[in-house]
Each structure stands twice: as structure tokens, then as C-alpha cells.
Amino acid sequence: MIEDTIAAIGTALGQSGIAIVRVSGPKSLDVIDEHLKTPRNTSIYDLDKNTINYGHFYSKSGEVIDEVLVSVFKAPYSYTGEDVIEVNCHGGQIPIKKILTTILDSEIRLAEPGEFTKRAFLNGKLDLSQAEAVMDLISAKTDLSHNVANKQAAGQVSHEINIVRDKLLEVLANIEATIDYPDEFFDDISVDKMVEKLQNVKESINKLLKTASTGKLVREGIKTVIIGEPNVGKSSLLNALTKEDRAIVTDVPGTTRDVLQENINVRGVPLVILDTAGIRETKDKVEKIGVERTKEYINTSDLVLYVLDGSQNWTKENELILNLIKNKPRIVIVNKSDLSSKMDKKDIKNKVDCKVLSVSAEKRLGIETLEETILNLFEIGDINDNTFDVTISNLRHELALKEALKHINESINGLKHQNPVDIVSIDIREAWQYLGKITGDSLSRNLIDEIFSRFCLGK
Ligand SMILES: Nc1nc2c(c(=O)[nH]1)N(C=O)[C@@H](CNc1ccc(C(=O)N[C@@H](CCC(=O)O)C(=O)O)cc1)CN2
Ligand SMILES: Nc1nc2c(ncn2[C@@H]2O[C@H](COP(=O)(O)OP(=O)(O)OP(=O)(O)O)[C@@H](O)[C@H]2O)c(=O)[nH]1
Ligand SMILES: [Mg+2]
């Protein structure tokens with residue numbers, strides 16, 4: 001049982017209609033009872049569970065801070081499984097901060113990031129993959145990312161994992177039986193059956209792993225960097241892709257100094273797109289830093305869009321930049337297709353081994369083809385919700401599945417080579433443990449703390 005009581009602001013800071021302070025733990029009712037006055041002076045202990053109640057929230061010195069609505073959840077029927085009180089006050093920084101400060105004064109501490117959800121996990125309200133999905137729900141920027149997170153939050157990933165884990169337990173039980181009653185059980189037939197079951201498990205894991213590369217892109221977005229020489233139209237391309245005028249566009253080469261980041265939605269797949277400073281040899285100090293940064297961004301990106309100005313001649317510089325990105329997924333974009341061309345697309349195709357597209361960023365021509373090309377490059381051309389019953393979108397889950405798979409393969413090999421079954425069972429147990437890391441069944445407290453600390457405040 002968790003002893004202390006925590007509180008935090010659960011809504012984003014800023015001006016809004018309402019804002020919510022959340023309190024969870026054994027002292028929640030006490031502290032609110034001290035500060036809340038309802039019209040009929042009802043004590044908070046006499047309010048029914050799962051109700052929302054009108055009243056005024058008072059400061060220590062007895063002044064009204066705000067007119068509020070207070071939700072009452074009594075353990076174990078709450079998000080965290082503990083007593084939970086939510087104070088709904090007027091949005092805006094002052095009421096919410098005053099209410100939080102008043103609550104924190106009374107033996108109640110500020111929650112750590114993710115601590116409400118961590119408590120929900122520790123109290124068995126959610127398993128780990130569901131808790132992680134709560135975070136994904138908050139950060140989802142497209143319908144598709146939201147969909148994947150929603151399914152995981154509903155427990156679909158955990159469900160699949162638990163089915164596989166149960167199958168492994170069955171095999172382990174078989175092995176126990178062969179050890180305890182070797183004469184009755186240890187024959188070829190039972191070994192064959194075990195191999196068959198393990199093959200079956202292997203297929204399930206492989207099926208899940210197949211969804212992982214797309215799943216991660218859908219969850220995290222494709223990190224895309226737009227590069228090219230000054231004035232070729234990089235910022236214009238960003239604007240064309242975002243369909244807004246986000247980046248400053250001028251005819252002065254070197255306009256973009258700082259890297260600009262935008263989130264865009266390409267048919268449900270989020271792109272985290274960076275507009276960079278033009279790459280060229282430069283003496284300008286600020287611009288030089290920009291160029292260095294561009295090189296770093298290339299290294300950490302999933303995709304490079306290399307923009308050329310089609311109305312200019314092909315130069316040695318172009319070859320140098322191509323060399324810089326030769327190991328990256330990349331698309332060469334010949335911009336300004338509305339002007340008379342000096343670059344021949346076929347000619348360029350001979351020089352590069354990637355897709356070459358003509359666009360006019362300014363006239364918004366060829367942008368749809370570019371979007372399609374990006375999705376095809378990552379083999380997510382025609383994804384729709386039905387093809388993704390269960391999607392692995394989290395790197396942590398993917399790694400655990402891969403480890404589990406290794407041990408399953410070992411165990412299958414072991415059985416086929418007639419290794420002693422008690423040795424084989426070690427691998428099966430390992431696989432079972434690795435899968436348990438996904439649901440949080442077999443994970444150390446330290447790792448659990450680490451995972452939740454990445455959550456945002458008030459969640
Ligand atoms: N104001 C508010 N809105 C919110 C949340 C919240 O905590 N507070 N949530 C938080 O992220 C989400 C909703 N999730 C919730 C999940 C469970 C329970 C809950 O009280 N469960 C109890 C009772 C269920 C019942 O009445 O049947 C339980 O599971 O025992 C509340 C919110 C989104 N909206
Ligand atoms: N005709 C034509 N002009 C374009 C097109 N795209 C961009 N331009 C023009 O090219 C100039 C440079 O565009 P930017 O988008 O600022 O180029 P940039 O690559 O971001 O430049 P830096 O930030 O300086 O590196 C501007 O005058 C744009 O209007 C296009 O498709 N057609
Ligand atoms: Mg620019």
C-alpha cells in the first residue's frame with residue numbers, strides 16, 4: 001500500500017475554460033474537506049463516490065480562491081485505485097496555482113511525472129503496456145497514431161502477449177511432467193508436440209514483430225530533414241508540405257538560420273519535419289553553426305529530402321551533398337519545376353540511386369506524389385486501420401519480443417537435438433520472462449520507475 005498522497009495540475013497551463021488539480025492517496029479526502037464548502041455544508045466524507053459536487057475552495061486564511069466543482073472517487077474505484085479528488089476550477093494560471101499550493105501545504109507532495117499512472121499500474125488498474133499507451137494517447141498527432149495507442153490502451157497488446165505467455169507455460173508444464181514421470185511422457189511424440197507449440201509461439205511473435213517498424217513510425221513520426229543549398233526552396237517545400245506559411249521564405253540566400261521543426265500528417269502517418277539552413281561553405285558565423293547543425297540532423301533523421309533548384313545548373317557541391325547522405329533513406333527533389341529547367345531529371349537519375357521527383361514548392365505542384373513516395377519508401381503506402389489489429393509501436397516492446405524469439409529458437413533447436421528437457425526449459429522460461437517485460441509482469445522496480453519518469457507532469 002502506498003502511504004503518501006500526491007497532487008498535481010492535470011491540465012495544460014495557460015488560459016482555458018477550466019483547469020483540474022488532481023489529488024491521489026489516503027489524505028485526499030482530508031485535505032479537500034478542509035478547504036471545500038458546499039452550499040449545504042456537506043462533509044466530503046458524506047458525498048457519494050463517483051460524483052461531482054459544486055462548492056467554493058477556500059485558502060488557509062479563509063478567503064475564497066475559486067468557485068469549483070469537485071469530483072470524488074473512493075478507493076479502489078478510481079483511476080489510480082486510491083482515493084482521488086479532482087478540483088475543477090476556472091482556467092488560467094492563478095486559481096489553479098493557488099489551489100495546488102493550498103493543497104501541497106498539508107502533508108501532500110507534488111506528484112512526479114507519470115506518478116498517477118504509475119500508481120494505477122502498481123494498484124493493478126493497468127498493465128505496463130496500457131500505461132505506456134496512455135502516454136502515447138497524449139502525444140498522438142494523427143488519427144492513425146491515436147488509433148494504435150487506443151488499441152494498446154484497451155489492452156490489445158497485453159492480450160496477445162498473455163496468450164503467447166500462456167502457451168509457453170503449457171510447454172513448461174509438459175516439461176515438468178516429463179521430468180517427474182520420465183517413462184510415461186518422455187517419448188518422441190511429446191517432444192514433437194512441444195516443438196509444434198513452440199513453432200506456433202514463434203509465428204505469433206514474428207507476426208507481432210512484423211508490425212513494429214511501421215508501428216514505431218506511426219507512434220514517433222518519420223524524422224525528416226530538408227536539406228540543400230541556399231535559396232533552392234527548402235523553406236518553401238516545408239510550407240507546401242504543412243500547407244501553411246510557417247517558414248520564412250525570401251530570395252536572399254541564407255534566410256533560414258535556425259532549424260525549424262513542424263509536425264505534419266501524411267495520410268495518418270506523422271512526419272516530424274525539419275527545415276534547415278542551406279549547406280554551403282560560409283564565413284558568416286551564425287550561418288556556419290546552422291550548417292554544422294544540419295549535418296547533425298542528417299545523422300539522426302529517418303529520411304532526408306534533398307532539394308535542388310531545377311532552374312540552376314548541376315554543380316560539384318551537389319555531388320558533395322549527395323555523398324553526405326548516401327547511407328540515408330533519401331529523396332532528391334528538383335524544385336522550381338514551374339521555371340525553365342536546366343537540370344534534366346533523367347540526367348540526375350543517372351547520378352543518384354534514389355527517387356528523383358520534380359516539384360514546384362511555390363505553385364504546390366508534385367506535393368502529393370512526394371507524400372506518396374515517402375510512404376512507399378517506408379512501405380506504408382496503403383495502411384488502413386483493419387490491417388493493424390495489434391501493432392507493436394514501442395521500441396521497448398520490440399526489443400523484448402526479439403529477445404524472447406531468440407530464446408524460443410534456442411529451445412526449438414535444443415528439443416530437436418534431444419538436449420535434456422530441463423536445459424531446454426531454461427530458454428522457455430527466459431522467453432516467458434522477456435514477454436512479461438512488455439506487460440510489466442517481470443520488470444524490476446528501477447526499470448518501472450525509469451519508464452514512468454518519462455511521462456508528463458500530472459499524468
Ligand atoms: N477528469 C479526468 N478526466 C480523465 C481522466 C482522469 O483521471 N480525470 N483520465 C485519466 O487518465 C481519463 C479517463 N480514465 C479513467 C479511468 C478510470 C477511472 C475510474 O475512476 N475508474 C474506476 C471506476 C470505474 C467505474 O465507475 O466503473 C475503476 O476503475 O475502478 C477514471 C478515469 C481521461 N479523462
Ligand atoms: N519559381 C519558383 N520559385 C521558388 C519555388 N520555391 C521557392 N522559390 C523561391 O526561391 C527563393 C528561395 O526560397 P526559400 O524557400 O526561402 O529557399 P531556402 O532553400 O529555404 O533558402 P535558405 O533558407 O536561404 O537556405 C524564394 O524567392 C522563393 O519564392 C518554386 O517552386 N518556383
Ligand atoms: Mg530557408
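**Exercise 1. Two helices side by side**

At what angle, roughly, do the axes of helix H6 (residues 156–180) and helix H16 (residues 421–439) cross? Work out how the two helices run relative to each other, too.

*Solution.* A word on the model before we start. This is a predicted model, in which local features need pLDDT of at least 70 and side-chain atom pairs count only at pLDDT 80 or more, while totals for chains, interfaces and linings use all residues. Residues are numbered from 1 along each chain as its sequence is written, and chains are lettered from A and ligands numbered from 1 in the order in which they are written.

Step 1: Helices (H or I, at least four residues) and strands (E, at least two) are DSSP runs, numbered from the N terminus.

Step 2: The axes of H6 and H16 come within 10 Å and cross at roughly 160°. Axes here are lines fitted to C-alpha atoms, for helices over the stretch in contact, and angles run from 0 to 180 degrees between N-to-C directions.

Step 3: That crossing angle makes H6 roughly antiparallel to H16. The cut-offs are under 35 degrees for roughly parallel, over 145 for roughly antiparallel and 65 to 115 for roughly perpendicular, with the rest oblique.

Step 4: The crossing of H6 and H16 is left-handed, a term for a near helix turned anticlockwise from the far one by less than a right angle (right-handed if clockwise).

Step 5: The contact of H6 with H16 contains 16 nonpolar, 6 polar and 3 charged residues. In this scheme Ala, Val, Leu, Ile, Met, Phe, Trp, Tyr, Cys and Pro are nonpolar, Asp, Glu, Lys and Arg are charged, and the others, Gly among them, are polar.

**Exercise 2. A sheet of 6 strands**

Find the strand order of the sheet that holds strand E8, then look at the partners of E8.

*Solution.* Step 1: The order is E9-E10-E8-E11-E12-E13, in an open sheet with mixed pairing. Two strands pair if DSSP finds at least two bridges between them.

Step 2: At the edges are strand E9 (260–266) and strand E13 (355–358), each pairing on one side only. Neighbouring strands in this sheet are turned by 25° against each other on average, direction ignored.

Step 3: Over 5 bridges, E8 pairs in the parallel sense with strand E10 (residues 269–275), where Asp275 is the bridge partner of Ile226. E8 also pairs with strand E11 (residues 303–309) in the parallel sense, again over 5 bridges, and here Gly228 stands opposite Val307.

Step 4: In E8 (residues 222–228), 6 of the 7 residues are buried, so the strand is largely enclosed by the rest of the structure. Buried requires 20 or more other C-beta atoms within 10 Å of a residue's own, exposed 12 or fewer, and partly exposed lies in between, with C-beta atoms placed from the backbone.

Step 5: Strand E12 (residues 330–335) pairs with E13 in the parallel sense over 4 bridges, and Val334 faces Ser358 there.

**Exercise 3. Surroundings of the ligands**

Which residues are around ligand 1? Compare the classes in its shell with those in the shell of ligand 2.

*Solution.* Step 1: Around ligand 1 are Ile20, Asn50, Phe73, Pro76, Tyr77, Ser78, Tyr79, Glu86 and Lys125. A residue is near a molecule if its C-beta atom, placed from the backbone, lies within 6 Å of it.

Step 2: The ligand 1 shell divides into 5 nonpolar, 2 polar and 2 charged residues.

Step 3: Pro76 lies in the loop between strand E5 (64–73) and strand E6 (84–90). The peptide bond joining Ala75 and Pro76 is cis, with omega about 0°.

Step 4: Ligand 2 is surrounded by 25 residues, the closest being Gly233, Ser235, Thr256, Gly278 and Glu362. By class, its shell has 7 nonpolar, 12 polar and 6 charged residues. Helix H10 (residues 234–242) gives the most to that shell, with 3 residues.

**Exercise 4. Positive phi in two loops**

Place Arg364 and Gln418 in the structure, and judge the exposure of each.

*Solution.* Step 1: Arg364 sits in the loop between E13 and helix H14 (367–377). Its phi is positive, about 60°, although Arg364 is not a glycine.

Step 2: With 14 other C-beta atoms within 10 Å, Arg364 is partly exposed.

Step 3: Gln418 belongs to the loop between helix H15 (395–416) and H16, and its phi is near 55°, a positive value in a residue other than glycine.

Step 4: Gln418 is exposed, with 10 other C-beta atoms within 10 Å.
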